[in-house]
Amino acid sequence: MDTEARDTELEQILDGIGPRLRRLRKDRGLTLEALAATTGISVSTLSRVESGIRRPTLDLLIPLARAHRVALDQLVAAPASGDPRVHLQPLRKQRGSVLVPLTQYPGRVQVFKQVLSPRPPEPVTHEGYEWLYVLAGRLRLILGARDVTLLPGEVAEFDTTEPHWFGPADDSAVEILHLFGPRGDQAVVRAGPSA
């Protein structure tokens, strides 16, 4: 690759960082002020970087990557290299549950395989949107006033600002695929009511 081609490629990479940063911030529902408070970078600097007026430096990119929970190479859209497989690292959670991240970089949608052990229902709310797919066992989903049981092969999707809880429907563990992403439009449950 000649010098001119390398310079052109570098310019394209640098030009893409600002819009990518803006998209990450908006996907997470953050204001410039909230991001400034988290990173210690001024609102005006963040605005100039996002709009492409200012070229980002490592001093700016590292705190932004941390704040958005993404790898630095994801911010600069570095070319893929090495092994594309995700090396699974199970995380042991409370009361015997196991969480296995299936996505390498936390991005717009995060994907997990979970094995949930029996535990008492404790509904929560937070920003986001979730999809649950039952692999094995029976999953109990409490969503607002609704209480449903999902069997293997069934799916539920819902806005997480509605009080919700999910776990085993009986005394056995349940295995699910769990996708979590930005806030959705409306809750849709694809399962029948509990018996």
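Helices (H or I, at least four residues) and strands (E, at least two) are DSSP runs, numbered from the N terminus. Keep that in mind as you look around this predicted model.

**Stop 1: the whole chain**

Show the protein chain as a cartoon. It has 5 helices and 10 strands. Now switch on the surface. The accessible surface comes to about 11,400 Å². Carbon and sulfur atoms own 54% of that surface. How much of the chain is buried? Of the 195 residues, 33% are buried.

Next, think about contacts between residues at least 6 apart in sequence. Of these, 63% join residues at least 24 apart.

**Stop 2: helices α1 and α3**

Select residues 3-27, which form helix α1. Add residues 43-51, helix α3. Two packed helices are described by the angle between their axes and the distance between the axes. Here the axes come within 6 Å and cross at roughly 120°. Perpendicular or oblique? An angle of 65 to 115 degrees would count as roughly perpendicular, so α1 and α3 are oblique to each other.

Now show the side chains at the contact. On α1, pick Gly18, Pro19, Leu21, Arg22 and Arg25. On α3, pick Val49, Glu50 and Ser51. Colour these by class: you should get 3 nonpolar, 2 polar and 3 charged residues.

**Stop 3: Arg25**

Stay on helix α1 and centre on Arg25. Is Arg25 buried or exposed? Buried means under 20% relative accessible area. Arg25 has 8%, so Arg25 is buried.

Which residues does Arg25 touch, leaving out those up to four places away in sequence? Select Leu30, Thr31, Leu32, Leu35, Glu50 and His68. Then draw a distance from the C-alpha of Arg25 to the C-alpha of Ala67. The two residues are 42 apart in sequence, and the distance in space is 9.4 Å.

**Stop 4: helices α2 and α3**

Select residues 32-39, helix α2. Keep α3 in view. The axes of α2 and α3 are 9 Å apart, and the helices pack at an angle of about 110°. Therefore α2 is roughly perpendicular to α3. Their crossing is right-handed.

Which residues meet here? From α2, show Leu32, Glu33, Leu35, Ala36 and Thr39. From α3, show Val43, Leu46, Ser47 and Glu50. Colour by class again: this contact has 5 nonpolar, 2 polar and 2 charged residues.

**Last look**

Find Glu50 once more. Glu50 takes part in the contact of α3 with α1. Glu50 also meets α2, and Arg25 touches Glu50.

Note on methods: Residues are numbered from 1 along each chain as its sequence is written. This is a predicted model: local features need pLDDT of at least 70, side-chain atom pairs count only at pLDDT 80 or more; totals for chains, interfaces and linings use all residues. Side-chain values use heavy atoms; hydrogens and water are left out. Axes are lines fitted to C-alpha atoms, for helices over the stretch in contact, and angles run from 0 to 180 degrees between N-to-C directions. Angles under 35 degrees count as roughly parallel, over 145 as roughly antiparallel, 65 to 115 as roughly perpendicular and the rest as oblique. Contact means heavy atoms within 4.5 Å. Ala, Val, Leu, Ile, Met, Phe, Trp, Tyr, Cys and Pro count as nonpolar, Asp, Glu, Lys and Arg as charged, and the others, Gly among them, as polar. Buried means under 20% relative accessible area, exposed over 50%, partly exposed in between (1.4 Å probe, protein chains only). A crossing is left-handed if the near helix is turned anticlockwise from the far one by less than a right angle, and right-handed if clockwise. Accessible areas come from the Shrake-Rupley method with a 1.4 Å probe; for residues, only the protein chains shown count as cover.
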